[in-house]
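Reader: I am new to protein structures. Please take me through this one and show me how each label is earned.

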Amino acid sequence: AASQGVVHVLDYGAGNVRSVENAITKCGYEVKTIVRPEEILEAELLVFPGVGSFGNAMRRLQEKGFEAPLKEYIAADRPFFGICLGMQTLFEGSEEEPGLPGLGAIPGIVRHFNAVEGFSSDGSDDTKLTVPHIGWNGVVCRKPSRLFASVEGSMADKRAYFVHSYCALATEANKDWVLCTTQYGIDFVSAVQKGNVMATQFHPEKSGGLGLAILKGFLSRKSDPTELAAPDALAAGEGQVAQVGLSRRIIACLDVRKNDAGDLVVTKGDGYDVREKKKVKEDEAAKEEAKAEKGAVRNFGKPAELAKRYYEDGADEVTFLNITQFREDTMEAETMHEMLRAVSQNVFVPLTIGGGIRDYGDRTALEVAAKYFRSGADKVSLGSYAVEAVIRLRDELGGKPDGSTAIEKISTVYGNQAVVISVDPRRIYLETDDEVAEAEAKGYKVFEVVDDRAAADRAAYARWLRTSVGEEPPAESEVSQDEADAASRPSRCWFQCTVAGGRKRRPLDAIQLVQGVEKLGAGEILLNSIDKDGKNSGFDIALVDAVRSAVGIPVIASSGAGAPEHFVEVFSKTKAEAALAAGIFHREEVEIDAVKAAVDDAGLPVRRS
Ligand code: 1PR
């Protein structure tokens, strides 16, 4: 289709600009990236997708000579749309970088959520909100705006995607700018508009169909909102009260790896083992076939196709984990970038990518992450690296971060919301009081285990204990009955951190890990469980609850989902902000909407698109 016009995108070199460009393209417009300062004043439609930290953004604008023409463009009331940090930089400054001036168009200083007085806590801690504010939240529109002209129906029951730690507050001095507010402990400004200059704290490019409609509202460029807006859209604007709050997120996860033929496929393990096991087949030919299949990597299809399907089915986010990159000595993985670029053309919800994000000889983890952001990732997930970083923090740095880890570096440049830590814990069962005392002396938190372990789990556990130093596990028959019995007795355990896809055990427990990475600046925890992975028997509630209570950042519960009720259980028994599943969605056993319906029916907030 012919382009409806050219949109200039201000890219100051941080964060996921690709998603914004893809969303603009999807709306039918052509994108031009601003390279030289002069181009700002030549723009007819200017979009500023700010990502990362306030200080970094303002400094980059200055270095590139963008600040002065940008101020001039805004002062002249030319069509401007800022996103997230692109909204915050319109203010006079931010507590994120005290003393550094913003663009100064809007009176006020952007605050840290937990520095604002008078908020009401979410209950996890009496004095603190969970920050970053991540997820889908309601938007109260204070006045009509052309931003809502293409939105179908009312805004009151819809949610947009937010991810930020700092917020702008409405005051007497800036009230003519306030377009929308959102509730998260306090009421903060979630969109601003004055004439042709508008901006949202939420991410329209990550807010599914609603976000694309809002972006279209800006791009349609008609200057008089009352003329343009359909009656419905006007109703969608004025003085509404949001009927919805921050929702629990349902995330679809794609474990990807190259199969034996070298193609990138979606796979899924059972206790992290992704190879086919025994198959019972009747006739001889089928037996031969089964033999060939046994040991092959399970293949659920192409990542880009599956991701699109999950987006269309209503997934709130999609996560990709490259589960074999840890083995590689180089960060080749161009196929991962190709995949991400393809996915981000069609999927307008947040994308997380993990697996192998660490230093490689001459390439730093920060560079590896940067490339993923540029390919369309909103967040990167670090697993093995994080375990080693926290061990170093404890053993070498006396618990004091010194800025040297990739977690600190990535979160400084891209914001802590962009850094997810994937935790791969495994239960270590303790048989005697001495063992308990020994574990506790090392600072590991010991739990009473209430659920029974099936015989197969015991055998797998015993086998893993013997072999988790890196060698291939022996065949099942080699596990002696004694080992299986020994593993079945105890009723207490601690959660040991592992690296390299669960193959190596490390002297750290899951609680120590999450508290360590929070200190280093991680923004979110993706909490797996090797014991529960692929079992479809429900999430590890004890683990999720303990981890969630140990940190002030959001936690995604993962591993073990087998039915919609398991999501209801994890959301009602723990404060996890999100729950992730893989197998049930891949095998089409449960629809994403069926999960959401169950969560909704249980009275828990969830986005139904
Ligand atoms: O250590 O930074 O290179 O990252 C490697 C990443 O790959 C880690 O996030 C690690 O969790 C993941 N990973 C490594 N090996 C495997 C494997 O399966 N052999 N996958 C693996 C882990 C975890 C979940 C999973 C849920 C839900 N997958 O994301 O999909 O357990 O599954 P379910 O709903 O079917 O139970 P690094």
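Author: We start with the ligand. Its shell has 12 nonpolar, 16 polar and four charged residues. Bear in mind that the model is predicted.

Reader: What makes a residue part of the shell around the ligand, and which come nearest?

Author: The C-beta atom must lie within 6 Å of the ligand. There are 32 residues around the ligand, and G383, S384, S422, G501 and G583 come nearest.

Reader: Why is glycine, as in G383, counted among the polar residues?

Author: Glycine is not on the nonpolar list or the charged list, so it falls with the others, which count as polar.

Reader: Which elements each supply at least two residues of that shell?

Author: Two strands and a helix do. They are β14 (249–258), β18 (379–382) and α13 (384–395).

Reader: How is the protein divided into domains?

Author: Domain 1 covers 6–237, and domain 2 covers 249–424 + 505–601. Their C-alpha centres lie 29 Å apart.

Reader: How do you know that domain 1 and domain 2 are in contact?

Author: Two residues are in contact if their C-beta atoms lie within 7 Å. By that test, 29 residues of domain 1 are in contact with 26 residues of domain 2. On the domain 1 side, α1 (17–26), β7 (133–138), β9 (159–164) and α6 (208–219) each supply at least two residues. The largest share, four residues, comes from α1. By class, that side of domain 1 has 10 nonpolar, 14 polar and five charged residues.

Reader: Where is A43 found? Why does A43 count as buried?

Author: A43 sits in the loop between α2 (38–42) and β3 (46–50). The cut-off for buried is 20 or more other C-beta atoms within 10 Å. A43 has 20 C-beta neighbours inside 10 Å, so A43 counts as buried.

Reader: How far from A43 is Y73, in sequence and in space?

Author: A43 and Y73 are 30 residues apart in sequence. In space, C-alpha to C-alpha, they are 9.0 Å apart.

Reader: Why are α11 and α12 called roughly parallel?

Author: The axes of α11 (residues 334–346) and α12 (residues 365–375) cross at roughly 30°. Angles under 35 degrees count as roughly parallel. Therefore α11 and α12 are roughly parallel to each other. Their axes also come within 8 Å.

Reader: Which residues of α11 and α12 meet?

Author: H337, L340 and R341 in α11 meet K371, Y372 and S375 in α12. The residues of this contact divide into two nonpolar, two polar and two charged.

Methods: Residues numbered from 1 in each chain as written. Predicted model: local features only at pLDDT ≥ 70, side-chain atom pairs only at ≥ 80, totals over all residues. Domains from an automatic or database assignment. Buried ≥ 20, exposed ≤ 12 C-beta atoms within 10 Å, placed from the backbone. Axes fitted to C-alpha atoms, helices over the stretch in contact; angles between N-to-C directions. Parallel < 35°, antiparallel > 145°, perpendicular 65-115°, else oblique.
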